[in-house]
Amino acid sequence: DVDVDVDVDVDVDVDVNRIESKFGFADHVVLVLQYAELILGSGNLASPNRISCQYYKAQYDGITVSDTLKRLRKKGTTWRVHGDIDLISSRLRGLNESLQMIYCGRTCAEDDIVIGIATGKIPFVHPEYGKLVLNLYDIEKASRHVTSFLKILMLANASTKASFRSKTMSNQIANLTKNTGYYGCCFPHRGQHQGEVCYTGTDEEVMTKTLPFAKYMWNLPEKKLVKQFYMMGLPRIKHSIRFEVGTRFNARLIAHVNIVESPKNFDQIRLNMQKTGKQATTLKGKPIPKHRAIILHFHGGGFISMSAFAHENYTRLWAKQCKVPIVSVNYSLAPQHQFPKAVNEAFEAYKWCREVAGPIWGTEKIVLVGDSAGGNLVASVAVRCLQEKFPLPFALMPVYPALDLRRVFSPSMLLTLNDKMIPYLFLQACLSAYLGSTNIEELHRAAGNPLASPYTASDDIISQFPRCHFVAASLDPLLDNTIRFCDRMNKLCPSGTVSMSIVPQMIHGFLSLNWPIVGVKEVLKLIKECGEYLDALIEEKEIVPGNRLNQ
């Protein structure tokens, strides 16, 4: 009854026997096929090696091939069918590319720790360096709250899509008002579905349409109306100052301690210190208070969007909690500024903290922290320091970091097939924008640079890393990046150098989910928990996940 042209061209030409005999990657293939089973909705896939770790299992929202074919026979469901076809096509492409990675040998080894975890041969949390964050919040309630937030996010995607295309402010407001009423009040299920479809399409569509839309959505905290709503949830703080250091970088100083001089004058103050040999004073001659440490922060956003201000929902809390100044860097974003521009600016910011701000504030303790893309920059700065024999940071805290940008298969990557924050095609588009190519082979070569993918650094480099505490989310597609990096550090570095906290039932980007009214309330506890980790790193104490907050 409904004439729909279904064109899902997925060519999976993989000889499983050849893979098993040549590479020994049977477990890898089983993982992918089990996801294919969920997408196809067959329920008949038999395998002698069922995947046993719950953290690597997909939970699809009923959008399978079999369900879509049933809807094709019904009238009045064209919007749903077309959307389902887009989603299924996107997921099948991800599955196809996963199999191709395995077939070409671009995957973790058959005895890799993450394969052992996925097949149940190795515990999910390594006893030497890893711990689950337990008893901090009700996990079931948190899962429901995350699901509710994602539904609201998908409604926002659907409502904003039409206004994003509008060229005038009046049309943007009119379209946003109309779509908010249509999707938010009249047809919420349709809105949630269409919000997810926003991130599908061909490679060209994702690069030319989806990426600009995602940048627009993720930068909404900078827009006037949304900014007022966003600021309702920001804690009061003494200082949130935007400043520039010449042409090297620009940043925000976030502090709840006395800052008697703007950082934009620090270069001149440092010169005065070197000339006179005296302690730091303001340009008017007043003494500058000392601080026990500096936190240098790099924000997330897939290398393509967001800013230091958009992450003040948690950096302000950390500044109040740790009572030290935080320098949050606004690094240059892709695709206008490609790798290694962001790494260079991050390194310049660290050098400035080390050579200028540190002596003025009387500290050599500089702790680097960043989430997602910012977590990548944290590790990249450490690699750059070791390459150039520059003094290392005091400690690092990458949060759900992107440590390996190569297109290499690992079990948690399959979570992108149904991830609403970073779906597979969109994630790959972000990496293509950052690395400056859409060709898979060129991307793989570019991502092989240790400054782009810190995991690819040599054993000699990794073995010299400073103390690191990693924070990961159990439902994060980048989880395996963190596990593998921690495992490598554990083998190469002195005892106690690396530790990791895994947050159960949380998704990628959870630190940014504590919005007023619509946010995930459990995230506030996690932000404070991460603040405790930072304080422990500064004071060189043992990190015990959830310890203080559970007392």
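Which two strands form a hairpin with three residues between them? They are β2 and β3, and in the turn that links them Gly 246 has a positive phi of about 55°. Before we go further, keep in mind that this is a predicted model. The two strands of the hairpin pair in the antiparallel sense, over seven bridges. If you want one pair of residues to look for, try Arg 242, whose bridge partner in β3 is Arg 252.

Now let's step back to the sheet that this hairpin belongs to. Nine strands make up an open sheet, and walking across it you meet them in the order β1-β9-β8-β7-β6-β4-β5-β3-β2. The pairing is mixed. Strands of a sheet pair through backbone hydrogen bonds, either parallel or antiparallel. At the edges stand β1 (130–132) and β2 (239–245), and each has a single partner strand, so one side of each is left without a neighbour in the sheet. Strands that sit next to each other in this sheet are turned by 20° against each other on average, direction ignored.

You have already met an antiparallel pair in β2 and β3. For a parallel one, go to β7 (residues 395–399) and β8 (residues 467–473), which pair over three bridges. Here Ala 395 stands opposite Arg 467 in β8.

Next come the helices that lie against the sheet. Helix α12 (residues 312–322) packs on the sheet and touches β2, β3 (249–255), β4 (294–298), β5 (326–330), β6 (366–371) and β7. The direction of α12 makes about 50° with that of β3. Helix α14 (residues 373–387) lies across β4, β6 and β7, and runs at about 145° to β6.

Between β6 and α14 there is a loop, and Ser 372 is found in it. The phi of Ser 372 is near 55°, a positive value in a residue other than glycine. Is Ser 372 buried or exposed? With 9% relative accessibility, Ser 372 counts as buried, because the cut-off for that label is under 20%. Gln 505 also has a phi near 55°, again a positive value in a residue other than glycine. Look for Gln 505 in the loop between β9 (498–503) and α19 (522–539). Its relative accessible area is 22%, so Gln 505 is partly exposed.

A few other loops deserve a stop. Ser 262 sits in the loop between β3 and α11 (266–276) and is buried, with a relative accessible area of 18%. Along the chain, Ser 262 and Phe 243 are 19 residues apart, and their C-alpha atoms are separated by 8.0 Å. Move on to the loop between α11 and β4 and you come to His 291. His 291 counts as buried too, at 9% relative accessibility. What is His 291 in contact with, leaving aside its neighbours within four places in sequence? The residues are Val 257, Asn 258, Ile 259, Pro 325, Trp 361, Gly 362 and Thr 363.

The loop between β5 and α13 (341–361) holds Pro 335, and Pro 340 lies there as well. Both take part in cis peptide bonds: one joins Ala 334 and Pro 335, with omega about 0°, and another joins Phe 339 and Pro 340, with omega about 10°.

Away from the sheet, have a look at helix α3 (residues 65–72). Its buried residues are Thr 68, Arg 71 and Leu 72. Seen down the axis of α3, these buried residues fall within an arc of 110°, so they line one face of the helix. The general rule behind this kind of pattern is that an α-helix has 3.6 residues a turn, so residues three or four places apart point the same way.

Last, there are the empty spaces inside. How many cavities of 30 Å³ or more does a search of the whole structure find? The count is five, and the largest has a volume of about 130 Å³. There are 14 residues lining this largest cavity, and the closest to its centre are Leu 87, Glu 196, Leu 417, Asp 419 and Pro 423. Helix α4 (residues 78–104) gives the most to the lining of the largest cavity, with three residues.

How values were computed
Residues are numbered from 1 along each chain as its sequence is written. This is a predicted model: local features need pLDDT of at least 70, side-chain atom pairs count only at pLDDT 80 or more; totals for chains, interfaces and linings use all residues. Side-chain values use heavy atoms; hydrogens and water are left out. Buried means under 20% relative accessible area, exposed over 50%, partly exposed in between (1.4 Å probe, protein chains only). Helices (H or I, at least four residues) and strands (E, at least two) are DSSP runs, numbered from the N terminus. The arc is that of the directions from the helix axis to the C-beta atoms. Two strands pair if DSSP finds at least two bridges between them. Axes are lines fitted to C-alpha atoms, for helices over the stretch in contact, and angles run from 0 to 180 degrees between N-to-C directions. Contact means heavy atoms within 4.5 Å. On a 1 Å grid over the protein atoms alone, a cavity is a set of points where a 1.4 Å probe fits but cannot get out, and a pocket is an open set with protein on both sides within 12 Å along at least five of seven lines; lining residues have an atom within 4 Å of a point. Grid points are joined across faces, edges and corners, and a volume is the space filled by probe spheres set on the points.
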